[in-house]
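Dear colleague,

I am passing on the structure we spoke about, and it follows directly below. After it you will find my notes on what turned up when I went through it.

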Amino acid sequence: MIRERYSDQVHSNEILDVLSMNGTPGCLLDLRLQKVILNPEMQRTLELEDVELSFTEWLQSFPSSSQNTLQRVLHQLLTEGLRDISLQVNNGNTFRPWDCKMVHLTNGQIAFSLREKVRNERLHPEDSVQVTKEEEKLSAGKSFKGTLAEKPKKQSIRYSTSKNSQLKHRMTHLVDKFPHGLAIISHNWEITYANQKMEQITGISFEQNCNRKLWDVYPINEYYNFFQHYLRAMETQETCEFEGFIQKTNTVVLMTVHPTELGITIFAQDITQYKKQLQALKDSEERFALLANNIKDVFWICDPQFKEIHYISPSFQNLFGISRREAFTNPTIILRVINEADHPKVVESMKLMRTTKHQVEYRVKSSNGEERWIRTRGFPVENNGTDYVIGIHEDVTEFKEMEQLKEKSQQLSTITQMSAGIAHEIKNPLTAIKGFLQIGAANPELRDNYQDIILDEVNRIEAIVQDFMMLSKPKSSIQLEQVAPEHIVSYVIRLLEQEAKDKGVKLVFQHKGLEGEIDTEPKRLNQILINLIKNAIDVMDGGEVVIDAEMSSHELTISVSDEGPGLTSQELAKIGEPFFTTKEKGTGLGVMVTRKIVSDLNGTMSYESKKGEGTTVTVRLPK
């Protein structure tokens, strides 16, 4: 193969040398390699810069009206078994005649020569092109002479200037790098040009199929839709556009066909990925529609001002009794079915959804007059520079009913437990009172001996009743005032100091930053401290109870620590339940009362304890 190409190149150089010796502008056309080699005379005559051009570049150096003529003559030379063909053309600028000769060489190359013909008479534009067959014999004995074809009037071959040649060279390079497929089909339906992208899209080499009929390359039965549009563009001379499928490369293409004076120019754009993405988007929308159409909850997308609804799922009508059309037309129509008492919080919640994730629960009236609970959740999003609020409406009526039922059940359970505890706690002192009264009735002389016992039991009953009255006292009865915490704590310590000494317990007061005042109710704060310190004293037989008080810029913290037996994790979990106590004579109501008071004062109460190491109770009250 290398030797054959070397031989062809030597032969080509010899022919160009012969042409140059005769002073004849000439070039060699190698249609196998789709290239043209020019001798210096041809370069000067045509004012071209390059010695070697592609076939397309060489062909485009002639006027567009003459390119089809040259291609047809070349086709005749190659297909009709002729050795050479001469054609007479004129310089398009001066109408001076030129003789062009094409010789079909044995090595598959064509020698092209150009020579000015001297004539005395003036040529008219109408006679500017005449094609004849040279009278020479082929090796098989053929010879022809005469006119080959009539050409359209005023059609001529014009020589390119150097500037035009450079421009055409750059244009050819640009077309070869064009991101879409491009092909040129002649009026005879021959493929005259295709760029690299077209070859990639179709999977067919232009070099191997140049000048072949279009239907010889692309079977009509497979590309019938393509041929229909090509024929329509050729006949109507109107641009047409259509989508097609290239079976060989499994490619979907958008074809644009432009009629030109050379035939038709075809642009092919690969839209396979676009079609796949479009189908994926369609599938995604179908799945979303399947979900949205079959779920009870309502999806919605609005602008931040809630003046325009961009999307709302079909279940909206079932939930609110309002059609989607009405909602799209008037987004505020939903307020008509919302309970008037809930209007303010719904409007305020919508404003919050513009900037943060938020939810609101409200009541709506259904079409049959029943009231239902709706929970709306929404949050802001941004997409391509546009702000939206998206969210969901859900019916929580059943959840609310279950919550209320659960709350009632818990209340009933608590009442039952407390009733049992009350009955037990009151029954014991009542039994003692009844027994001693019976003894006193039977033995009047002993009545005075049991008087103190009876009185203690009555006081016990009274304490239990007072605790329950404290639990039932409403929060609204609190009357806040400015109080100095140090005075309150010091007063309670002095009040309980003697009781602590009787049990060998020392009360230690540690404080920090208690110079200021807080807004609280003095009686309730007193009751909190009394309950905490008394509980600490009751569980100890000697030792220290430390009262630690500290006030910051926003809260008062009071901690009471004892050195008692402490609590297990199980016992710690039950602290605050009715009638749960670790003391022998306790009722468990003291902790409940204390928690209730702390809660009424908007504070918190927490326990820390470990078995054998004592217990610390901490109360935090807002300043």
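Two residues are taken to be in contact when they have heavy atoms within 4.5 Å. With that in mind, and remembering throughout that this is a predicted model, 52% of the contacts between residues at least 6 apart in sequence join residues that are at least 24 apart. The protein has 623 residues, of which 41% count as buried, and its secondary structure comprises 19 helices and 25 strands.

I begin with helix α16, which runs over residues 485-502 and has 18 residues. From its first C-alpha to its last it reaches 26 Å, close to the 26 Å expected at 1.5 Å a residue, although there is a bend of about 45 degrees at leucine 496. That leucine is also one of the buried residues of the helix, together with Pro485, Ile488, Val489, Val492, Ile493 and Ala500. An α-helix has 3.6 residues a turn, so residues three or four places apart point the same way. What do the buried residues of α16 pack against? Their partners are the strands β19 (481-483), β20 (505-512), β21 (518-520), β22 (543-551) and β23 (555-561), along with helix α17 (522-538). After the helix comes glycine 504, with a positive phi near 75 degrees.

Several of these elements meet again in the largest nonpolar core, which has 40 residues, and in which Leu507, Ile533, Val545, Ile547 and Ile558 have the most contacts. Two or more residues each are given to this core by α16, β20, α17, β22, β23, α19 (589-600), β24 (604-609) and β25 (615-622), and the largest share, eight residues, is that of α17. To take one member in detail, valine 545 touches, beyond its neighbours within four places in sequence, Val505, Lys506, Leu507, Val508, Ala536, Ile537, Met540, Val560 and Ser561. Another core lies apart from this one and has 31 residues, including Trp189, Phe227, Val253 and Met255.

Met255 leads to a hairpin, since methionine 255 in β12 is the bridge partner of phenylalanine 242. The hairpin is formed by β11 and β12 with four residues between them, and asparagine 250 in the turn has a positive phi of about 55 degrees. The two strands, β11 at residues 240-246 and β12 at residues 251-260, run antiparallel and are joined by seven bridges. In a regular strand the side chains alternate between the two faces of the sheet. In β11, Cys240, Phe242, Gly244 and Ile246 make up a covered face, while Glu241, Glu243 and Phe245 make up an uncovered one.

As for charged pairs, a search of the whole structure finds 17 salt bridges, and I describe three of them here.

The pair of glutamate 52 and lysine 35 has its closest N and O atoms 3.9 Å apart. Because glutamate 52 lies in strand β3 (residues 52-54) and lysine 35 in strand β2 (residues 35-38), this salt bridge ties together parts that are 17 residues apart in sequence. Glutamate 52 has a relative accessible area of 48% and is therefore partly exposed.

In the next pair, lysine 213 and glutamate 190 meet through their side chains at 3.9 Å, N to O. The lysine is in the loop between α7 (206-209) and α8 (214-217) and the glutamate in the loop between β9 (181-186) and β10 (191-194), so that distant parts of the chain, 23 residues apart, are linked. Is glutamate 190 buried or exposed? Its relative accessible area is 6%, which is under the 20% cut-off, and so glutamate 190 counts as buried, whereas lysine 213, at 25%, counts as partly exposed. Neighbours within four places aside, glutamate 190 is in contact with His75, Ile184, Ile185, Asn211, Arg212 and Lys213.

The third pair returns to α16: glutamate 499 forms a salt bridge with lysine 534, with the closest N and O atoms 3.2 Å apart. Glutamate 499 is in helix α16 and lysine 534 in helix α17, 35 residues apart. Lysine 534 is partly exposed at 29% relative accessible area, and glutamate 499 is partly exposed with 29% as well. Finally, salt bridges that share partners join Glu361, Arg375, Arg377, Glu394 and Lys400 into one network.

With best wishes

Terms used. Residues are numbered from 1 along each chain as its sequence is written. This is a predicted model: local features need pLDDT of at least 70, side-chain atom pairs count only at pLDDT 80 or more; totals for chains, interfaces and linings use all residues. Side-chain values use heavy atoms; hydrogens and water are left out. The expected span of a helix is 1.5 Å times one less than its number of residues. The bend at a residue is the angle between axes fitted to the seven residues ending there and the seven starting there. Buried means under 20% relative accessible area, exposed over 50%, partly exposed in between (1.4 Å probe, protein chains only). A nonpolar core is a set of buried Ala, Val, Leu, Ile, Met, Phe, Trp, Tyr and Cys residues joined through side-chain atoms within 4.5 Å. A salt bridge is a side-chain nitrogen of Lys or Arg within 4 Å of a carboxyl oxygen of Asp or Glu. Two strands pair if DSSP finds at least two bridges between them.
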